[in-house]
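Student: I'd like a close look at one part of this model, the way its inside is packed. Please start from a single residue and work outwards.

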Amino acid sequence: MPILLLISLGLVEFGRALSVSHSLSRVGREGANIAARGTGLDTVLTVVLRNASDVELRRRGGVIVSRIEIDDAAPVISRQVVAPGFEGRSRLGSEGAIAKDFVPLGFERGSIHYAVELFYDYQTITPLPRFVTSLFPLELYDRAVF
């Protein structure tokens, strides 16, 4: 019975984490897509936060939207907006810096790309993570680039 209980709790927790991760991925792609179509970064940020209300992203995490220009084959963050109240830092870097972990494979010099980064403080709903802490992420992260 204890093993069956552990398996059941694990399925519930991993299923929920996968669902949240999928929601973050979906809204990140939507945001990067509308940014690439010419929508202002502030508007993209608002749309992403509104569309992620099912996972309460505004309360449990944050969003950073970046405009990246390829200059001399190096990706430079030319503009960045951060969700109000979010104190996290972009994993790409700060405005004016070369974007970390952004590989401009095949991108032409002068091209512009948009990245939406989503950070989420995952909170478990079962007691299982107290017993197996290394298996459950405390923060979920997703990034979409167009």
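Tutor: One term is needed before we begin: two residues touch, or are in contact, when heavy atoms of theirs lie within 4.5 Å. Keep in mind that this is a predicted model. The protein chain averages a pLDDT of 90, and 93% of the residues score at least 70.

Start at Val63. Leaving aside residues up to four places away in sequence, Val63 touches Leu45, Val48, Leu49, Leu57, Val81, Val82, Ala83, Phe86, Val116, Glu117 and Leu118. Several of these names come back below.

Now widen the view to the core. The largest nonpolar core has 28 residues. Val63 is among those that touch the most other members, together with Leu24, Leu57, Val65, Val116, Leu118 and Tyr120. Nonpolar side chains tend to be buried together in soluble globular proteins. Which elements supply at least two residues each of this core? They are α1 (2–36), α2 (41–51), β1 (61–71), β3 (112–121) and β4 (139–145). α1 gives the most, with six residues. Another core lies apart from this one. That core has seven residues, including Ile68, Ile77, Ala99 and Ala115. Across the protein chain, 40% of the 146 residues count as buried.

Next, the sheet. Four strands form an open sheet in the order β2-β1-β3-β4, with antiparallel pairing. β2 (74–82) and β4 are the edge strands; each has a single partner, so one side of each is left without a neighbour in the sheet. Neighbouring strands are turned by 25° against each other on average, direction ignored. Strands of a sheet pair through backbone hydrogen bonds, either parallel or antiparallel.

Take the β1 and β2 pair. Eight bridges join these two strands in the antiparallel sense. Ile64 stands opposite Val82 in β2. Val82 is also one of the residues that Val63 touches. The hairpin of β1 and β2 has two residues between the strands, and Asp72 there takes a positive phi near 50°.

Then the β3 and β4 pair. Seven bridges join them, again in the antiparallel sense. Here Tyr120 faces Leu140 in β4. Recall that Tyr120 is among the best-connected core members, those touching the most others.

Now add the helices. α1 lies across β3 and β4 and runs at about 155° to β3. α2 also packs on the sheet, where it touches β1, β2 and β3. The direction of α2 makes about 145° with that of β1.

Look harder at α2. Its buried residues are Leu41, Val44, Leu45, Val48 and Leu49. Why do they sit on the same side of α2? They cover an arc of only 130° around the axis, which puts them on the same side. An α-helix has 3.6 residues a turn, so residues three or four places apart point the same way. These buried residues pack against α1, α3 (57–60), β1, β2 and β3. Leu45, Val48 and Leu49 are among the contacts of Val63. Confidence in the protein chain is highest in α2, at a mean of 97, and lowest in α4 (128–131), at 70.

For contrast, step out to the loops. Glu56 is found between α2 and α3. Its phi is near 55°, a positive value in a residue other than glycine. Glu56 is partly exposed, with a relative accessible area of 35%. Asp101 sits in the loop between β2 and β3. Its phi is positive too, near 55°. Asp101 is exposed, at 61% relative accessible area.

Finish at Ile125, in the loop between β3 and α4. Is Ile125 buried or exposed? With a relative accessible area of 55%, Ile125 is exposed, because exposed means over 50%. Ile125 still touches Val12, Glu13 and Arg16, residues up to four places away in sequence not counted. Its C-alpha atom is separated by 13 Å from that of Val20, 105 residues apart along the chain.

Last, the whole chain. There are four helices and four strands. Read along the sequence, they follow the pattern α-α-α-β-β-β-α-β. Among contacts between residues at least 6 apart in sequence, 65% join residues at least 24 apart.

Terms used: Residues numbered from 1 in each chain as written. Predicted model: local features only at pLDDT ≥ 70, side-chain atom pairs only at ≥ 80, totals over all residues. Heavy atoms only, no water. Core = buried A, V, L, I, M, F, W, Y, C linked by side-chain atoms within 4.5 Å. Buried < 20%, exposed > 50% of the residue type's maximum accessible area, 1.4 Å probe, protein only. Pairing = 2+ DSSP bridges. Axes fitted to C-alpha atoms, helices over the stretch in contact; angles between N-to-C directions. pLDDT = per-residue confidence, 0-100. Arc of directions from axis to C-beta.
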